[in-house]
Amino acid sequence: MEITNVMEYEKIAKEKLPKMVYDYYASGAEDQWTLQENRNAFSRILFRPRILIDVSKIDVSTTVLGFNISMPIMVAPTAMQKMAHPDGELATARATSAAGTIMTLSSWATCSVEEVASTGPGIRFFQLYVYKDRNVVRQLVKRAEEAGFKAIALTVDTPRLGRRESDIKNRFALPRGLTLKNFEGLDLGKIDKTNDSGLASYVAGQVDQSLSWKDIKWLQSITSLPILVKGVITAEDARIAVEYGAAGIIVSNHGARQLDYVPATIMALEEVVKAVEGRLPVFLDGGVRRGTDVFKALALGASGVFVGRPSLFSLAADGEAGVRKMLQMLRDEFELTMALSGCRSLREISRNHIKTDWDIPHCLPAKL
């Protein structure tokens with residue numbers, strides 16, 4: 001079957017992967033309302049394309065934290081990629097580097113920071129969960145720095161793991177032979193079978209529920225790397241992130257895997273962008289499946305987007321080549337959307353290029 005869009009990878013991945021693995025990657029929390037809404041909300045944003053503009057040359061390149069990248073489409077942290085393909089995070093690292101963009105490596109990767117660095121040059125960020133044992137965190141951050149990672153994406157929406165009912169039903173555990181490679185030498189690399197979700201039990205035992213804003217300062221004291229705060233969806237928290245010296249914000253609801261019935265990230269984005277008043281870059285994570293989605297996010301003020309599940313499903317379908325093609329398709333669609341909207345560079349994409357259903361006042365009911 002010829003793949004013509006990113007969503008087609010999911011069907012292939014579902015056929016190829018064991019049920020426990022596919023369900024872990026694909027599912028959201030509880031009723032999965034936010035999981036659906038992360039996609040559906042994009043359909044409530046329509047274009048206002050401008051015409052008769054010379055779009056013979058289009059530049060989709062940008063900078064993120066001072067690093068030049070080929071497009072505003074980056075790879076989000078997703079855990080345990082060797083469950084999708086034997087090459088796991090190494091394939092994703094090579095594909096992302098070839099595409100000239102940024103990969104974010106999960107703390108819970110099945111390849112270590114050193115192994116990912118060994119694949120060759122590339123701009124890579126490291127996603128961090130803060131463990132109760134802060135020495136573990138110190139060691140991990142130091143290793144990421146030494147391996148050439150350029151930023152820390154601190155996940156702040158996971159003091160406890162969301163209730164993912166598929167994982168409970170499947171008694172999720174890491175398949176035999178796989179470990180969380182970054183923790184292997186610390187006796188924290190295994191996720192065993194339990195009477196519940198093995199990951200939920202692991203998080204309850206290891207992740208620091210007392211994490212608070214003051215820990216951003218602590219993190220800044222142990223690393224010189226810029227810190228992106230991942231998991232902000234309100235103006236109030238965005239303003240606090242600015243106060244605490246965050247280098248950027250990733251508007252994220254954890255792929256709808258934490259608290260259900262929070263807004264889609266594309267709906268929360270503009271509130272966060274307005275709150276930071278241009279003092280730091282804001283990125284969007286969640287629900288991006290089309291180049292049109294990327295354009296909509298940028299029109300609402302995002303500096304770029306991160307894609308998660310598309311990376312996993314394309315990896316499962318066709319390894320490194322799948323991830324390369326997925327990124328290329330999103331780039332091509334985005335460039336086409338720019339051309340058809342009359343935009344030649346990212347600077348020209350504006351709020352005036354879209355209208356949302358929340359812009360339109362609801363009509364008053366007719367008098368009886």
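Student: Which residues are buried in helix H4?
Tutor: In H4, which spans residues 88–98, the buried ones are Gly 88, Glu 89, Ala 91, Thr 92, Ala 93, Ala 95 and Thr 96. Buried means under 20% relative accessible area, exposed over 50%, and partly exposed in between, with a 1.4 Å probe and protein chains only. Helices (H or I, at least four residues) and strands (E, at least two) are DSSP runs, numbered from the N terminus.

Student: And what kind of model is this?
Tutor: A predicted one: local features need pLDDT of at least 70, side-chain atom pairs count only at pLDDT 80 or more, and totals for chains, interfaces and linings use all residues. Residues are numbered from 1 along each chain as its sequence is written, and side-chain values use heavy atoms, leaving out hydrogens and water.

Student: Back to H4, then. What covers its buried residues?
Tutor: The cover includes strands S4 (73–75), S5 (103–105) and S6 (124–128), along with helices H5 (113–117) and H13. Contact here means heavy atoms within 4.5 Å.

Student: What does phi do just after H4?
Tutor: Gly 100 sits there, and its phi is positive, about 75 degrees.

Student: Which residues that aren't glycine have a positive phi?
Tutor: Gln 32 is one of them, with phi of about 60 degrees, and it lies in the loop between H2 and H3. Arg 171 is another, with phi near 50 degrees, and its place is the loop between helix H7 (165–170) and H8.

Student: Why do Gln 32 and Arg 171 count as partly exposed?
Tutor: Gln 32 counts as partly exposed because its relative accessibility is 26%. Arg 171 gets that label because its value is 32%.

Student: You mentioned H2. How many of its residues are buried?
Tutor: 7 of its 8, so it is mostly covered. They are Met 20, Val 21, Tyr 22, Asp 23, Tyr 24, Tyr 25 and Ala 26.

Student: Okay, new topic: pockets. What volume has the largest pocket?
Tutor: About 710 Å³. On a 1 Å grid over the protein atoms alone, a pocket is an open set of points where a 1.4 Å probe fits, with protein on both sides within 12 Å along at least five of seven lines; lining residues have an atom within 4 Å of a point. The volume is the space filled by probe spheres set on the points.

Student: Which residues are closest to its centre?
Tutor: Tyr 25, His 254, Gly 255, Arg 257 and Arg 309, out of 43 that line the largest pocket. Tyr 25 is also one of the buried residues of H2.

Student: Which elements supply at least two residues of that lining?
Tutor: H2 (19–26), H3 (33–40), S11 and H13 each do so.

Student: And the second largest pocket, what lines it?
Tutor: That pocket holds about 280 Å³ of space. It has 18 lining residues, and those nearest its centre are Thr 155, Val 156, Asp 157, Leu 211 and Ser 212. Strand S7 (151–155), helix H9 (214–222) and strand S8 (227–232) give two or more residues each to the lining of the second largest pocket.

Student: Let's do strands. Which way do S9 and S10 run?
Tutor: Parallel: 3 bridges join S9 (residues 248–251) to S10. Two strands pair if DSSP finds at least two bridges between them. One bridge pairs Ile 249 with Val 282 in S10.

Student: What about S10 and S11?
Tutor: They also pair in the parallel sense, over 3 bridges. Leu 284 has Val 305 as its bridge partner in S11. The chain goes from S10 through helix H12 (residues 291–299) to S11 in a right-handed β-α-β crossover. S9, helix H11 (residues 265–276) and S10 form a right-handed β-α-β unit too. Right-handed means that, with the strands pointing away from the viewer, the path from the first strand over the helix to the second runs clockwise.

Student: Are the S10 side chains buried or exposed?
Tutor: All are buried; Val 282 and Leu 284 point one way, while Phe 283 and Asp 285 point the other.

Student: Last one: where is Asp 318?
Tutor: In helix H13, residues 309–341. At 46% relative accessibility, Asp 318 is partly exposed. Its C-alpha atom is 9.3 Å from that of Ile 12, 306 residues away along the chain.

Student: Which helix holds Gln 206?
Tutor: H8, residues 198–206. Gln 206 is partly exposed at 24% relative accessibility, and 7.8 Å separates its C-alpha atom from that of Asp 133, 73 residues apart along the chain.
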